[in-house]
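Q: Please take a close look at one helix pair in this model, and describe how the two helices are arranged and what surrounds them.

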Amino acid sequence: GLSQLQKRISPRYFYDERGSQLFAAVCEQPECYLLRAELAILRDNLAAIVEFIGPGAELIELRAGIGVQAALLIEQLRPLVYVPIDIDGRMLEAVSGELAELFPWLNISGMRADLSRPLALPEFVGLPIRKKVIFLPGSVIGGFTPDEALDVLQNARQLAGTGDVLLAGVDLKKDGATIESAYSDAKGMNAALHLNLLARINRELEGNFQPGRFAYHAFHDRTKGCVTMYLESLYSQFAHVGGRRFDFAASETVDTGIAYQYSEVEFQALARHAGFVSQAVWTDAAQMFSIHGMIAV
């Protein structure tokens, strides 16, 4: 990514041990409404969501995150097996361990994988599974461009059989200031998360970045309906990665993340292209966030 004309570091590399800790801290910031809104929706509509899914479920969570959303679902849904999928093995182990302690009766089978690539699930012989539930929490889908999001949804559809369920958290469109502040909190946790990409390169790829010579920014693009996150080089400088030199002009930027917001209709249209049909939408009182209940067709 650093050799491209517009330099880029994929946000999939956020999640080393330090990055996972910083992500959890970001979710706790007062400006970051996403987790709070999603948890409120789950708590207020849990009975309806569980009824929509039905018994005998295999719960497949794409991007295990910090596990709090899954814990709410598991407690009431009581799935026959829980399959968390995450690119970060450490986070996957931590979440699986915590949920195993909370629910000792639960079968857990974690998978380390990249959501943007085709996925294959193991067969669970002997369990009377009646339905697969693909759970995309925390606006995971918003972290991809619409084309990439379609790929993720199509990968999810490959995991699901006809009649299986997609449960997707989606950030709703709203005023730009609220959205932008969620990705640029006053305490600087978002900035620390993105700058940790450079520290991780130093640790793992023989890099010699000086993170203090870069500044983090988040910009809401109303036309595109997304927040773009990037690191700005504060000086004309260079850094080495694995013995290779990369030059940065003063004010040159490195893209490090995006976050798309969708109206209910926009997300339903996107999911329809992947083979899912909307059956229900649950939102919080302030209309900040949504959870979509869909069926694979």
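A: In this predicted model, α1 and α7 are roughly antiparallel to each other. That description follows from the angle between them, because over 145 degrees counts as roughly antiparallel and α1 and α7 pack at about 175°. Their axes lie 9 Å apart.

The contact can be listed by residue. On the α1 side, Arg 18, Gly 19, Leu 22, Phe 23, Ala 25 and Val 26 take part. On the α7 side, the residues are Met 189, Asn 190, Ala 192, Leu 193, Asn 196 and Arg 203. By class, the residues of the contact of α1 with α7 divide into seven nonpolar, three polar and two charged.

Arg 203, one of the α7 residues that meet α1, also has a charged partner. Asp 16 forms a salt bridge with Arg 203, with the closest N and O atoms 2.4 Å apart. Asp 16 belongs to the segment before α1, whereas Arg 203 is in helix α7, which covers residues 189-204. The pair links distant parts of the chain, 187 residues apart. The two partners fall into separate accessibility classes: Asp 16 is buried because its relative accessibility is 4%, under the 20% limit, while Arg 203, at 48%, counts as partly exposed.

The segment before α1 (17-27) holds a second charged residue, Arg 12. The side chains of Arg 12 and Asp 114 meet in a salt bridge, at 2.5 Å from N to O. Asp 114 is in the loop between β4 (111-112) and β5 (131-136), 102 residues from Arg 12. Here Asp 114 is buried, with a relative accessible area of 15%, and Arg 12 is partly exposed at 31%. Arg 117 joins these two residues, so that Arg 12, Asp 114 and Arg 117 are linked in a network of salt bridges.

Helix α7 also has a sheet as a neighbour. It is an open sheet of three strands in the order β7-β8-β11, with antiparallel pairing. β7 (214-221) and β11 (253-260) stand at the edges with a single partner strand each, so one side of each is left without a neighbour in the sheet. Neighbouring strands of this sheet are turned by 20° against each other on average, direction ignored. Eight bridges join β7 to β8 (residues 226-233), and these strands run antiparallel. Within this pair, Ala 215 stands opposite Glu 232 in β8. α7 packs on the sheet and touches β7, β8 and β11. The direction of α7 makes about 120° with that of β7. Helix α7 therefore has contacts with α1 and with the three strands β7, β8 and β11.

A search of the whole structure finds nine salt bridges, including the two described above, Asp 16 with Arg 203 and Asp 114 with Arg 12. Another is formed by the side chains of Glu 266 and Lys 173, at 2.9 Å from N to O. Glu 266 is in helix α8 (residues 264-274), and Lys 173 is in the loop between β6 (165-171) and α6 (176-182), 93 residues apart. Glu 266 is partly exposed at 34%, and Lys 173 is partly exposed at 41%.

Definitions and conventions:
Residues numbered from 1 in each chain as written. Predicted model: local features only at pLDDT ≥ 70, side-chain atom pairs only at ≥ 80, totals over all residues. Heavy atoms only, no water. Salt bridge = Lys/Arg side-chain N within 4 Å of Asp/Glu carboxyl O. Helix = DSSP H or I, 4+ residues; strand = E, 2+ residues; numbered from the N terminus. Buried < 20%, exposed > 50% of the residue type's maximum accessible area, 1.4 Å probe, protein only. Axes fitted to C-alpha atoms, helices over the stretch in contact; angles between N-to-C directions. Parallel < 35°, antiparallel > 145°, perpendicular 65-115°, else oblique. Contact = heavy atoms within 4.5 Å. Nonpolar A, V, L, I, M, F, W, Y, C, P; charged D, E, K, R; others polar. Pairing = 2+ DSSP bridges.
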